[in-house]
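Here are some worked exercises to try with the model open beside you. Have a go at each task before reading its solution.

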Amino acid sequence: MSEKLEPLPGTSDIWEPETSQWVFLESTARDIFPRYGYGELRTPIFERTDVFVRSIGTETDVVQKEMYTFADRGGRSLTLRPEGTAGVMRAIANQGLAEGEERRVFYMGPMFRGERPAAGRRRQFHQVGVEAVGRASAAMDAECIAMLHHFLTELGVGDGTILVNTRGTAADRPVVAEALKTYFTPLKDQLCPDCQRRLGANVWRLLDCKIESCQPLMAGAPRITDLLGEESKAFFAQVCATLDTLGVPYRVEPRLVRGLDYYIHTVFEVTHGGLGAQNAIAAGGRYAITLPGNADKAIEGVGFAAGMERLLMARESLGLKAAAAAGVQLYVVGLGSRAQAAALPLAQILRTNGFRTLADTGARSMKAQMRAADRAGARLALILGDNELDRNTVVVKDLKASTQEECPRAGLEARLAAILAPEAC
RNA sequence: GUGGGUGUAGCUCAGUUGGUUAGAGCGUCAGGAUGUGGCCCUGAAGGCCGCGGGUUCGAGCCCCGUCAUCCACCCCA
């Protein structure tokens, strides 16, 4: 229990049987996303700092106070990735993308943010996400949301609420921001302290305030949709129409704005009950990302990221549990020094033949070894003593049925397989 | 960064208004006539009571600080 051995705050060691839940989650992602033409991409866990700063936005909380940034030996500023999109965009830009070419990738892995841990919020957390890059179409946005819904349904958490909204084109955004500032600035004294701060930092977020006293002021605020140009409105209308066609349940939430700067047009979020205060299990949208050294040409795409811890929490709240990892089948018990020397080689051969096998490696009493076999969850104990060695046999004891038989060493594997067979079905 | 709850055995937790050698259940290990697990019985190992300071004749218990953890805020997945 030494504090020196504990993982750092907001990080944790993941053991069985929890690991099995993670494997299930990862397998589901690798099953579903390729059905939509996505391939897995693995990017580095750290990047040059400006890869994140340029794409996420200087004014965001993530960049200003949550990044794990350090200098490497050459003095370069590096950062542990706080989210997945920026690195994926960097990788795609590095490889090159022809005009009009579309690329679809998914990724999963750890992300890092220096926040105060809470339910559903860790410093090292994990995301599974997708990006479809290179083209802009409303149908693509809708398909992306449909795929997310498919994925969540496959995980058993399709009962979440899908919220969608639009932030308009890159050209519309400053117009909206300006209108919001114009409306709220005279009302500054009436706003809650958080909103007063947001007024300077991130006007869009004002609309998302949950404080009671701010609500009347929100009601009179200009609506984002009224300020958008025709192009933005038409784009969003088509996104919604396509979602209808695909049968994806969703709700338009005009106050949904998201926290990162790079979003344009469609933004969406999926919330789920039973997670504590952090109720978003996945979120995403369409974006235009500027990479270092390429300021004039933004990469556009649509994607989402889902919090893996949160997905697992949502599943747990519904009582869903993936099958545990396969346990030990055989336990080789060796009696006496001759047999003990033979136990490990026998186990090795059995493993080669596909049996999950444990062999007692200490010179322990039979009682101790049998108890160990039981506690390891083995179905069969293979008892090997001087008598069996002399007769070239093995006593096979079924720990579930409490029956045993002496089997000739030749053909042992076939006999074991026969006994275990019903269990495999 | 701000606020609140909680820190006693490997795990889950008792521990009286401050008073001898700090307990239970589970788990681990060993034994119960020498080659047979599960249930049962017996025994053992395992604690700087998170850490540091203070009050007191005396602190697991009270006070302060600190660290860790859980939760909430902020923000986000």
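Let's begin with a term: buried means under 20% relative accessible area, exposed means over 50%, and partly exposed lies in between (1.4 Å probe, protein chains only). This is a predicted model, in which local features need pLDDT of at least 70 and side-chain atom pairs count only at pLDDT 80 or more, while totals for chains, interfaces and linings use all residues. Residues are numbered from 1 along each chain as its sequence is written, chains are lettered from A and ligands numbered from 1 in the order in which they are written, and side-chain values use heavy atoms, with hydrogens and water left out.

**Exercise 1. Salt bridges**

Task: Find the salt-bridge partners of D72, R286 and E47, and state whether each residue is buried or partly exposed.

Solution:

Step 1. A salt bridge here is a side-chain nitrogen of Lys or Arg within 4 Å of a carboxyl oxygen of Asp or Glu. Side chains of opposite charge can pair when their charged atoms come close. By this rule the model has 21 salt bridges.

Step 2. D72 pairs with R76, with 3.1 Å between the closest N and O atoms. R76 is partly exposed because its relative accessible area is 46%, and D72 is partly exposed too, at 21%.

Step 3. For R286 the partner is E300, again with closest N and O atoms 3.1 Å apart. This pair links distant parts of the chain, 14 residues apart: R286 sits in strand β10 (residues 280–289) and E300 in strand β11 (residues 299–307). Helices (H or I, at least four residues) and strands (E, at least two) are DSSP runs, numbered from the N terminus. R286 is buried at 0%, whereas E300 is partly exposed at 27%.

Step 4. E47 bridges to R90, where the closest N and O atoms are 2.6 Å apart. E47 belongs to strand β2 (residues 46–48) and R90 to helix α4 (residues 85–95), so the bridge ties together parts 43 residues apart in sequence. With 6% relative accessibility E47 is buried, while R90, at 23%, is partly exposed.

Step 5. To finish, look for a network: salt bridges link R30, E40 and R42.

**Exercise 2. A residue in a strand**

Task: Is T79 buried or exposed, and which residues does T79 touch?

Solution:

Step 1. Locate T79 in strand β4 (residues 77–80).

Step 2. T79 counts as buried because its relative accessibility is 0%.

Step 3. Contact means heavy atoms within 4.5 Å. Leaving out residues up to four places away in sequence, T79 touches I45, F46, E47, T49, F52, M67, Y68 and T69.

**Exercise 3. Two helices that cross**

Task: Work out how α1 is oriented to α12, and what kinds of residue meet there.

Solution:

Step 1. Axes are lines fitted to C-alpha atoms, for helices over the stretch in contact, and angles run from 0 to 180 degrees between N-to-C directions. The axes of α1 (residues 18–32) and α12 (residues 308–317) come within 11 Å and cross at roughly 110°.

Step 2. Angles under 35 degrees count as roughly parallel, over 145 as roughly antiparallel, 65 to 115 as roughly perpendicular and the rest as oblique. That makes α1 roughly perpendicular to α12.

Step 3. From α1, Q21, W22, F24, L25 and E26 meet M308, E309, L311, L312 and R315 of α12. These residues divide into six nonpolar, one polar and three charged; nonpolar covers Ala, Val, Leu, Ile, Met, Phe, Trp, Tyr, Cys and Pro, charged covers Asp, Glu, Lys and Arg, and the others, Gly among them, are polar.
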